[in-house]
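Me: Could you walk me through this model, one question at a time? I would like the terms explained as we go.

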Amino acid sequence: MGKLNVNLCGIELDNPVIPASGTFGFGYEYAELYDINELGTFSFKGTTKEPRFGNPTPRIAECTAGMINAVGLQNPGVEQVISRELPKLKKCFHKPVMANVSGFSVDDYAYTCQKLDKEEQVGWLEVNVSCPNVHGGGMSFGTQPEAAAEVTRAVKAVTTKPVIVKLSPNVTDIVSIAKACEEAGADGISLINTMLGMRIDLRTRKPIIANKMGGFSGPAIFPVAVRMVYQVANAVSIPVVGMGGVSSAEDVVEMMLAGAAAVEIGAANLVNPYICRDIIRDLPRVMEKYRIESLSEIIGGAK
């Protein structure tokens with residue numbers, strides 16, 4: 001059988017498949033369905049300094065080949081994540097986990113990352129400067145190279161673990177932002193987060209989502225994600241984590257050929273809670289079909 005293992009910022013993964021933040025909770029809910037230790041790792045629910053109730057409902061709208069969400073970073077806050085969520089996770093997941101962090105100021109990001117950096121279970125800090133569903137935070141830091149770099153520097157100054165900056169596709173030049181994060185000390189880049197989308201109810205003639213707009217995800221955005229991963233992977237020398245519409249083992253291989261060292265799977269988890277497990281189990285078949293002996297050897301193989 002081919003070799004599925006990859007290395008992400010110095011930490012070895014059994015395979016490159018990572019459920020994306022916001023689609024896998026804190027893991028233990030999925031652990032009731034299957035052994036989540038089959039995963040490479042997963043990125044847990046976006047965590048902020050203070051608890052957040054999130055956006056008003058309705059928060060979800062269906063659309064062709066995808067969905068729009070505006071959950072708004074609902075989470076119990078970093079103190080509760082550390083005291084309540086991580087101990088529950090530790091009982092069912094025995095690998096390093098990726099901590100996803102959002103903030104509304106540079107100090108917020110630094111505070112939350114410093115707290116989570118001290119947790120033994122946390123292997124990486126995925127710093128989300130790309131959430132399109134929150135007013136005054138998240139994506140406002142990810143649309144300008146200077147702002148993204150400022151967050152990166154602040155987080156790196158108070159942490160010891162690998163920092164992976166998660167970027168937004170809702171920009172004109174994603175490469176310049178990725179390079180700014182690299183120069184500021186980022187250990188990796190993850191992309192893409194959701195695109196900005198909207199649906200309107202024909203009967204009420206009003207936006208379906210209370211927030212009016214939200215994050216568009218699902219298979220429809222996969223070609224955009226592959227393009228951006230390819231652009232960024234060819235512009236930086238740090239690892240790239242690819243995501244955006246991934247829903248099959250073939251998609252994982254394509255994303256890795258574009259330059260991804262590991263691949264996150266988001267919206268597909270909400271359609272099929274077993275999707276990440278099924279993709280991992282299907283990877284050997286796809287590798288044999290395309291004569292791939294080792295996944296780590298195909299990273300960035302598309303020229």
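Reply: Happily, and we start with a term: buried means under 20% relative accessible area, exposed over 50%, and partly exposed in between (1.4 Å probe, protein chains only). This is a predicted model, in which local features need pLDDT of at least 70 and side-chain atom pairs count only at pLDDT 80 or more, while totals for chains, interfaces and linings use all residues. Residues are numbered from 1 along each chain as its sequence is written, and side-chain values use heavy atoms, with hydrogens and water left out.

Me: Is A235 buried, partly exposed or exposed?
Reply: A235 sits in the loop between α5 (222–233) and β14 (240–242); helices (H or I, at least four residues) and strands (E, at least two) are DSSP runs, numbered from the N terminus. The relative accessibility of A235 is 28%. That value lies between the 20% and 50% limits, so A235 is partly exposed.

Me: Which residues does A235 contact, leaving aside its neighbours within four places in sequence?
Reply: Contact means heavy atoms within 4.5 Å. The C-alpha atoms of A235 and V175 are 6.8 Å apart, although their positions lie 60 residues apart along the chain. The contacts of A235 are V175, K179 and E182.

Me: How many aromatic pairs does a search of the whole structure find?
Reply: Rings of Phe, Tyr and Trp (its six-membered ring) pair if their centres lie within 6.5 Å; planes under 30 degrees apart count as stacked, over 60 as edge-to-face and the rest as tilted. With that rule, the search of the whole structure gives five.

Me: What kind of aromatic pair do F24 and F42 form?
Reply: The ring centres of F24 and F42 are 5.1 Å apart, and their planes meet at 50°. Both residues lie in the loop between β3 (17–19) and β4 (60–63), so the pair ties together parts that are 18 residues apart in sequence. F24 is buried at 0% relative accessible area, and F42 is buried at 0% too. By its angle, the pair of F24 and F42 is tilted.

Me: How many residues apart in sequence are Y34 and Y274?
Reply: The ring centres of Y34 and Y274 are 6.0 Å apart with planes at 40°, so this pair is tilted. Y34 is in the loop between β3 and β4, and Y274 is in the loop between α7 (267–271) and α8 (275–289). Y34 is buried at 6%, whereas Y274 is partly exposed at 28%. The pair links distant parts of the chain, with a separation of 240 residues.

Me: Which residues of α3 are buried?
Reply: Helix α3 (residues 145–156) has 12 residues and reaches 16 Å from its first C-alpha to its last, close to the 16 Å expected at 1.5 Å a residue; the expected span is 1.5 Å times one less than the number of residues. An α-helix has 3.6 residues a turn, so residues three or four places apart point the same way. The buried residues of α3 pack against α2 (106–117), β7 (122–128), β8 (163–166) and α4 (174–183). They are A147, A148, A149, V151, T152, A154 and V155.

Me: How many of the 10 residues of α6 are buried?
Reply: Helix α6 spans residues 249–258 and is mostly covered. The buried ones are A249, D251, V252, V253, M255, M256 and A258, and they pack against β1 (6–8), α5, β14, β15 (262–265) and α8. The number of buried residues in α6 is seven.

Me: Which residues does A20 touch, not counting residues up to four places away in sequence?
Reply: A20 is in the loop between β3 and β4, and its relative accessible area of 5% makes it buried. A20 and A267 are 247 residues apart in sequence but 8.4 Å apart in space, C-alpha to C-alpha. The residues that A20 touches are S43, E264, I265, G266 and N269.

Me: What is the omega of the cis peptide bond that joins L191 and I192?
Reply: I192 is in the loop between β9 (188–191) and β10 (195–197). Another cis bond runs from T57 to P58, with omega near 0°. For L191 and I192, omega is about 10°.
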